[in-house]
Amino acid sequence: MRKVAFVLALVGCAKGGVGQLAQGDANETIIDGKVYLDAPPEPRDGPHVFNDAHVFNDAHVFNDAHVFNDAHVFNDAHVFQDAHVYQDAHVFMDACTPVQTELLVNGDFESNTTGWHEIQFDSELISSQAPQAGTYGAWLGSYTQIATDELYQDIAVPAGTTSLVLTGYSLVYTKETTTSNAYDKAYVSLATLTETTLETALTVTNLSVTPAYVSFTHSFAVAAVAGTTVRFKLNSSSDSSNYTNFFFDTLSLKATHCP
Ligand SMILES: [Ca+2]
Ligand SMILES: [Ca+2]
């Protein structure tokens, strides 16, 4: 078998040699040469291989990346943003546009006693003695005997009140000389209608002397008082000697709540 194969190989070599003759020479050997002609065209047609580069156009496959545009599906996620519906749950929180309501009547005392109830030991509690602003203010104390004064008004705190803020001015003048004992005192507070103190906003004594009015502000706890009627009061107690004057003016008690 090996010998036979060898012979065939020799024949092949011989044909190849003849194939180098000029073309057109109708020689069977040249026809065989087509074997070589076939060779060149293919590489040239080969550029078709580049056309196949259309394979890259198929890179349109990436345009199909429009599939990502379909990611608009995520925009549809707006459905989830519609989850804002839950945030809109703020609608429930913002069940209203809060408003502020002044709960005191005649907090600046300019209408004199209007709106106020007085339980004075002696003299009128609303006077023109030393107002912080305007013509009138509240004046408690000033006794040289054991005595109490009270000025109050009952207020309806709106239901749902979320903030209850008191602002005002106070001034203390005293004849007491002690620097350690609070003999005369005054308070600004909220109480029940039966006079049980709920929360004290301000306490001043003969030790609280200031050369001029000073402002104060206090935010009351609202949980227990929202939706109820409570007493807003100024009251004082004096001992038996050395009077102390307690002045208050320009009071405001604002509730923040749904209208
Ligand atoms: Ca006033
Ligand atoms: Ca005193």
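## Report on a predicted single-chain model

Of the 259 residues that make up the chain, 24% count as buried. The model is predicted, and the description below should be read with that in mind. The chain holds 11 helices and 11 strands, and residues 24 or more positions apart account for 76% of its contacts with a separation of 6 or more.

### The open sheet

Five of the strands are treated here together: 5 strands form an open sheet in the order β2-β5-β10-β7-β8, with antiparallel pairing. Its edge strands are β2 (117-119) and β8 (197-205), each of which pairs on one side only, and from one strand to the next the twist averages 15 degrees. As a general matter, the strands of a sheet pair through backbone hydrogen bonds, either parallel or antiparallel.

Three of the pairings can be set side by side, each with one bridged residue pair.

| Strand pair | Sense | Bridges | Example of opposed residues |
|---|---|---|---|
| β2 and β5 | antiparallel | 3 bridges | I119 and E150 |
| β5 and β10 | antiparallel | 10 bridges | Q153 and F232 |
| β7 and β10 | antiparallel | 7 bridges | V188 and L234 |

Strand β10 (residues 229-238) takes part in two of these pairings, being joined to β5 by 10 bridges and to β7 by 7 bridges. This strand is mostly covered, since 9 of its 10 residues are buried. Two of the residues of β10 serve as bridge partners in the table: F232 is the partner of Q153, and L234 is the partner of V188. On the other side of β5 (residues 147-156), the pairing with β2 extends over 3 bridges, and there I119 stands opposite E150.

### S189 in strand β7

S189 lies in strand β7, which spans residues 185-191. Is this serine buried or exposed? S189 counts as buried because 21 C-beta neighbours lie inside 10 Å, where the cut-off for burial is 20 or more. Once its neighbours within four places in sequence are set aside, S189 is in contact with T197, E199, T200, A201 and K233. For one of these residues, E199, which is 10 residues away along the chain, the C-alpha atoms of the two are separated by 5.7 Å.

### The largest nonpolar core

The largest nonpolar core contains 33 residues, of which A138, L140, L234, F246 and L253 touch the most other members. Two or more residues are given to this core by each of β4 (137-141), β5, β6 (163-174), β7, β8, β10 and β11 (244-257), and the largest share, 6 residues, comes from β11. L234, named among the core residues with the most contacts to other members, is also the bridge partner of V188 in β10. For L253, leaving aside neighbours within four places in sequence, the contacts are L103, L104, I155, L164, L166 and F232.

### Two asparagines with positive phi

The loop between β1 (99-102) and β2 contains N106, and N112 is likewise found in the loop between β1 and β2. Phi of N106 is near 60 degrees, a positive value in a residue other than glycine, and phi of N112, also positive in a non-glycine residue, is near 55 degrees. N106 is partly exposed because 16 other C-beta atoms lie within 10 Å of its own, and N112 is partly exposed with 14 other C-beta atoms within 10 Å.

Note on methods: Residues are numbered from 1 along each chain as its sequence is written. Chains are lettered from A and ligands numbered from 1 in the order in which they are written. This is a predicted model: local features need pLDDT of at least 70, side-chain atom pairs count only at pLDDT 80 or more; totals for chains, interfaces and linings use all residues. Helices (H or I, at least four residues) and strands (E, at least two) are DSSP runs, numbered from the N terminus. A residue is buried if 20 or more other C-beta atoms lie within 10 Å of its own, exposed if 12 or fewer, and partly exposed in between; C-beta atoms are placed from the backbone. Two residues are in contact if their C-beta atoms, placed from the backbone, lie within 7 Å. Two strands pair if DSSP finds at least two bridges between them. Axes are lines fitted to C-alpha atoms, for helices over the stretch in contact, and angles run from 0 to 180 degrees between N-to-C directions. A nonpolar core is a set of buried Ala, Val, Leu, Ile, Met, Phe, Trp, Tyr and Cys residues joined through C-beta atoms within 7 Å.
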